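User: Hi! I'm new to reading protein structures, and I'd like a close look at a single part: the helix and what it rests on. Could you take me through it step by step?

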Amino acid sequence: MLSSEVKTVWAPCPFCGGECRPEEVTLPLCREKNTYVIVQEIPAEVCQECGEILFSVSTTAALLGLLNGQNLPIATNQVPVYRFDGRATSSE
């Protein structure tokens, strides 16, 4: 088999058995009670079937260090917070 014919085999998802592929993801993470941060460009394996996101041990350690450390954010934004009251809104 020629090197141009080598087929990449991705690891199966441990939850559904689907194909996991490397991607960069952006996630909101809880830092403290009622304090959230958004972390961008996290390397992950994402299941193409169920959407499950898997992190390596080193990525998980780096995320925990980021959340517990004193790193400065690249941006700060205000986020509106709503309380769900169960009433449907209508534009009619």
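Analyst: In this predicted model, the residues T59, L63 and L67 of helix α1 are buried. Together they cover an arc of only 70 degrees around the helix axis, so they sit on the same side of α1. Now turn the helix over in your viewer. The face of α1 pointing away from that buried side carries exposed residues, namely V57, S58, A62 and N68. One side of the helix is thus lined with buried residues, and the face turned away from them holds exposed ones.

What do the buried residues of α1 pack against? Their partners are the strands β1 and β2. The helix itself spans residues 57–68 and lies across these two strands, running at about 175 degrees to β2. As for its length, α1 has 12 residues and reaches 17 Å from its first C-alpha to its last, close to the 16 Å expected at 1.5 Å a residue.

Let's move on to the sheet beneath those contacts. It is an open sheet of three strands, in the order β1-β2-β3, with antiparallel pairing. The edge strands are β1, residues 20–32, and β3, residues 53–54, each pairing on one side only. A general point helps here: strands of a sheet pair through backbone hydrogen bonds, either parallel or antiparallel.

Take the pairing of β1 with β2, the two strands that the helix packs against. They are joined in the antiparallel sense over 11 bridges. To find one matching position, look for C30, which stands opposite Y36 in β2. The hairpin of β1 and β2 has two residues between the strands, and N34 there takes a positive phi near 60 degrees.

On the other side, β2 (residues 35–47) pairs with β3 over two bridges, again in the antiparallel sense. You can trace both ends of this pairing by residue: E45 has L54 as its bridge partner in β3, while V46 is matched with I53. The hairpin formed by β2 and β3 has five residues between the strands, and G51 in its turn has a positive phi of about 85 degrees.

The cysteines deserve a stop too. How many disulfides are there? The count comes to zero. C16 is in no disulfide, and the nearest cysteine sulfur, that of C47, is 3.5 Å away. C50 tells a similar story: its sulfur is 3.7 Å from the closest cysteine sulfur, in C47, and that is too far for a bond because a disulfide needs the two sulfur atoms within 2.5 Å. As for their surroundings, C16 is partly exposed, with a relative accessible area of 42%, and C50 is also partly exposed, at 43%.

Finally, follow the chain past the helix. T76 is found in the segment after α1. Is T76 buried or exposed? At 69% relative accessibility, T76 counts as exposed. The C-alpha atoms of T76 and V37 are separated by 9.2 Å, although these residues are 39 apart along the chain.

To put the picture together, start from T59, L63 and L67 on the buried side of α1, go down to β1 and β2, where the buried residues pack, and then step across from β2 to β3.

Conventions: Residues numbered from 1 in each chain as written. Predicted model: local features only at pLDDT ≥ 70, side-chain atom pairs only at ≥ 80, totals over all residues. Heavy atoms only, no water. Pairing = 2+ DSSP bridges. Helix = DSSP H or I, 4+ residues; strand = E, 2+ residues; numbered from the N terminus. Contact = heavy atoms within 4.5 Å. Axes fitted to C-alpha atoms, helices over the stretch in contact; angles between N-to-C directions. Buried < 20%, exposed > 50% of the residue type's maximum accessible area, 1.4 Å probe, protein only. Expected span 1.5 Å × (residues − 1). Arc of directions from axis to C-beta.
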